[in-house]
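New to this one? Here's a quick tour to read with the sequence and the 3D view side by side.

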Amino acid sequence: MSTSIVVATCHKYRDAWSPFVSLFERFWPDCPYDMAFITDTCDHEVLPSPWQILAVGEDLGWCRNLQIGLKVIN
């Protein structure tokens, strides 16, 4: 099992994703872990590599979306 940085979010907060990634990479530029956003849906958002977007589909609530996304990561 590998270590990952996971950001649990949803599509309606997508405007905050890029600023978050910019600040994360500024303050932890050599992060050695896999990095991913778990979200309900994703149109055409592209985050800089190595960030991944894991879209779980229909919004089933924060907890359920996180459970589904974590199963995909593992």
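Let's start in the middle: the largest nonpolar core has ten residues, namely I5, V7, W17, V21, F24, C31, M35, F37, L47 and W51. Three elements, β1 (4-8), α1 and β2 (34-39), each chip in at least two residues of this core. The largest share, three residues, comes from α1. Keep in mind that this is a predicted model.

**The sheet**

- Three strands make an open sheet, lined up in the order β1-β2-β3, and the pairing is parallel.
- β1 and β3 sit at the edges with a single partner strand each, so one side of each has no neighbour in the sheet.
- From one strand to the next, the twist averages 25 degrees.
- Zooming in on one pair, β1 and β2 run parallel and are linked over five bridges.
- To get from β1 to β2, the chain passes through α1, and this β-α-β crossover is right-handed.
- Want two spots to find by eye? V6 has A36 in β2 as its bridge partner, and A8 has I38 in β2.

**Strand β1, face by face**

- As a rule, side chains in a regular strand alternate between the two faces of the sheet.
- Here, I5 and V7 point to one face of β1 and are buried, while S4, V6 and A8 point to the other face and are not buried.
- Beyond its neighbours within four places in sequence, V7 is in contact with F20, A36, F37, I38 and W51.
- Both I5 and V7 belong to the core listed above.

**Helix α1**

- W17 lies in α1, which covers residues 17-27.
- Is W17 buried or exposed? W17 is buried, because its relative accessible area is 2%, below the 20% cut-off.
- W17 shares that buried status with V21 and F24 in α1.
- These three cover an arc of only 65 degrees around the axis, so they end up on the same side of α1.
- In general, an α-helix has 3.6 residues a turn, so residues three or four places apart point the same way.
- What do the buried residues of α1 pack against? They pack against β1, β2 and β3 (51-55).
- The face of α1 turned away from the buried side carries the exposed residues R26 and F27.

**One distance to check**

- W17 and V6 are eleven residues apart in sequence, and their C-alpha atoms are 12 Å apart in space.

Notes:
Residues are numbered from 1 along each chain as its sequence is written. This is a predicted model: local features need pLDDT of at least 70, side-chain atom pairs count only at pLDDT 80 or more; totals for chains, interfaces and linings use all residues. Side-chain values use heavy atoms; hydrogens and water are left out. Helices (H or I, at least four residues) and strands (E, at least two) are DSSP runs, numbered from the N terminus. Buried means under 20% relative accessible area, exposed over 50%, partly exposed in between (1.4 Å probe, protein chains only). A nonpolar core is a set of buried Ala, Val, Leu, Ile, Met, Phe, Trp, Tyr and Cys residues joined through side-chain atoms within 4.5 Å. Contact means heavy atoms within 4.5 Å. Two strands pair if DSSP finds at least two bridges between them. A crossover is right-handed if, with the strands pointing away from the viewer, the path from the first strand over the helix to the second runs clockwise. The arc is that of the directions from the helix axis to the C-beta atoms. Axes are lines fitted to C-alpha atoms, for helices over the stretch in contact, and angles run from 0 to 180 degrees between N-to-C directions.
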